[in-house]
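User: I should like to go through this model and ask what justifies each term used to describe it. Please set each value against its criterion.

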Amino acid sequence: MLKIPNHQVAGHKAIDGILGPLIDDSGNFYKPLQNDDRGSNEVSFYESFNSEPRVPKSILKYFPIFHGTKIVNASDGSGLHPHLVLEDVASCYPNPSVMDVKIGSRTWYPQASEEYIKKCLDKDRVTSSITLGFRVSGLKLVGSVANEDDLSWQPDRKFLQNLSAEDVKLLLSKFVSSNMPSEDAAACPDRAFVEKVFGGSNGVLEQLLELKKWFEVQTIFHFYSCSVLMLYDKESLLNGKSSGGAVVKLVDFAHVVDAEGAIDHNFLGGLCSLIKFISDIIASPDDENCISNNNGTKYEH
């Protein structure tokens with residue numbers, strides 16, 4: 001029995017007759033293959049990545065496990081459709097908070113058509129991609145009590161556009177806070193989970209730093225329009241369960257290309273920028289003043 005994932009925060013969602021990903025009860029994530037080159041490119045990446053001897057085993061954990069492809073009924077009711085079968089990285093979390101961060105100041109790949117490049121450039125310019133080297137593509141914050149609608153917050157894409165550096169820092173702070181925001185008003189983030197999620201030897205920062213070391217030397221792939229996915233579960237952390245700790249995964253590989261022996265400076269630069277933001281949040285005092293969002297949302301003490 002396939003169902004719609006409730007933890008998806010970016011990309012096309014399988015609702016209202018739209019073709020989107022599905023999950024099962026066995027920890028699998030079914031991503032529909034796009035009919036153009038993007039679908040075959042992503043399959044080719046997973047096949048080559050998992051058989052590439054130059055990829056360290058320590059890096060494999062940052063990529064969803066690939067289980068091949070399978071033809072299943074599409075979410076849009078159009079019948080059978082090929083899907084990537086991947087690890088559902090959120091399946092071990094009762095009620096995860098999730099953030100999707102698209103990495104790179106440039107999201108278009110070199111072989112793209114002029115039309116596609118223009119489309120990407122337009123989006124890169126109106127978001128923080130060019131200015132910060134990354135942009136928040138999706139976010140879902142969940143409170144410490146599961147299945148309470150008033151204890152979750154998932155801003156729409158319009159809310160996430162035009163974010164300044166201060167706004168992004170605020171969202172990252174809210175990601176590790178116990179007090180829940182709303183789009184009309186919000187308390188200053190308490191950052192109650194900053195050390196357990198961002199800090200520590202197994203936190204987000206250390207995981208990103210490990211990825212950074214690899215990207216500083218790897219010349220196999222260039223990752224265009226890929227995302228860093230960060231997940232953790234507040235309820236599990238409050239109950240002292242290690243299973244609620246932060247996990248970092250890289251996702252979305254339809255535009256990965258051969259690096260031709262060159263460092264992926266586009267991805268590396270965006271990754272370093274994200275690392276700097278998270279490092280600053282860990283190091284900054286809890287009583288910093290809250291700030292306002294460019295789209296008019298106010299955050300005050």
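Analyst: This is a predicted model. Strand β2 and strand β4 (residues 80-87) pair in the antiparallel sense over 5 bridges.

User: What makes β2 and β4 count as paired strands?

Analyst: The criterion is at least two DSSP bridges between the strands. With 5 bridges between β2 and β4, the requirement of at least two is met, and therefore the two strands are called paired. Within this pairing, K31 stands opposite L84 in β4.

User: How do you know that β1 is also paired with β2?

Analyst: Strand β1 (residues 22-23) is joined to β2 by 2 bridges, in the antiparallel sense. The rule asks for at least two, so β1 and β2 qualify as a pair. L22 stands opposite Y30 in β2. The two strands form a hairpin with 4 residues between them, and G27 in the turn has a positive phi of about 85°.

User: Why is β2 described as largely enclosed by the rest of the structure?

Analyst: A residue is buried when its relative accessible area is under 20%. In strand β2 (residues 28-32), 5 of the 5 residues satisfy this, so the strand is largely enclosed by the rest of the structure. N28, Y30 and P32 point one way from β2, F29 and K31 point the other way, and all are buried. This agrees with a general pattern: in a regular strand the side chains alternate between the two faces of the sheet.

User: What makes the space lined by K31 and L84, among others, a cavity rather than a pocket?

Analyst: In a cavity a 1.4 Å probe fits but cannot get out, whereas a pocket is an open set of points. The structure holds 1 cavity of 30 Å³ or more, and the largest cavity has about 30 Å³ of space. Its lining consists of K31, P32, L33, Q34, R38, G39, E42 and L84. β2 and α1 (37-50) each supply at least two residues of this lining; α1 gives the most, with 3 residues.

User: How is the lining of the largest cavity classified by residue type?

Analyst: The lining divides into 3 nonpolar, 2 polar and 3 charged residues. G39 is one of the lining residues, and Gly counts as polar under the classification used.

User: Why are β7 and β11 called edge strands of their sheet?

Analyst: The sheet in question is open, has 5 strands in the order β7-β6-β5-β10-β11, and shows antiparallel pairing. β7 (152-153) and β11 (247-251) each have a single partner strand, so one side of each is left without a neighbour in the sheet. Elsewhere in this sheet, strand β5 (residues 97-103) and strand β10 (residues 227-232) run antiparallel and are joined by 6 bridges. L229 in β10 is the bridge partner of D100. Helix α8 (residues 204-215) packs on the sheet and touches β10 and β11; its direction makes about 40° with that of β11.

User: Why is F198 called buried?

Analyst: F198 has 0% relative accessibility. The limit is under 20%, so F198 counts as buried. F198 lies in the loop between α7 (194-197) and α8. Leaving aside residues up to four places away in sequence, F198 touches L172, F175, V176, F193, G203, V204, L205, I278, I281 and I282.

User: What makes helix α6 mostly covered?

Analyst: Helix α6 (residues 165-175) has 8 buried residues among its 11. These are D167, V168, L170, L171, L172, S173, K174 and F175. L172 and F175 are also among the residues that F198 touches.

User: Which backbone value draws attention to R191 and S225, and why do both count as buried?

Analyst: Phi of R191 is near 55°, a positive value in a residue other than glycine; phi of S225 is near 60°, again positive in a residue other than glycine. R191 lies in the loop between β8 (186-187) and α7, and S225 lies in the loop between β9 (221-223) and β10. The relative accessible area of R191 is 7% and that of S225 is 13%. Both values are under 20%, so R191 and S225 are buried.

User: How much of the whole protein meets the criterion for burial?

Analyst: Of the 301 residues of the protein, 52% count as buried. The secondary structure comes to 10 helices and 13 strands. Among contacts with a separation of 6 or more, 68% are between residues 24 or more positions apart.

Definitions and conventions
Residues numbered from 1 in each chain as written. Predicted model: local features only at pLDDT ≥ 70, side-chain atom pairs only at ≥ 80, totals over all residues. Heavy atoms only, no water. Buried < 20%, exposed > 50% of the residue type's maximum accessible area, 1.4 Å probe, protein only. 1 Å grid on protein atoms, 1.4 Å probe; cavity = no way out; pocket = protein on both sides within 12 Å on 5 of 7 lines; lining within 4 Å. Points joined across faces, edges and corners; volume = space filled by probe spheres on them. Contact = heavy atoms within 4.5 Å. Axes fitted to C-alpha atoms, helices over the stretch in contact; angles between N-to-C directions.
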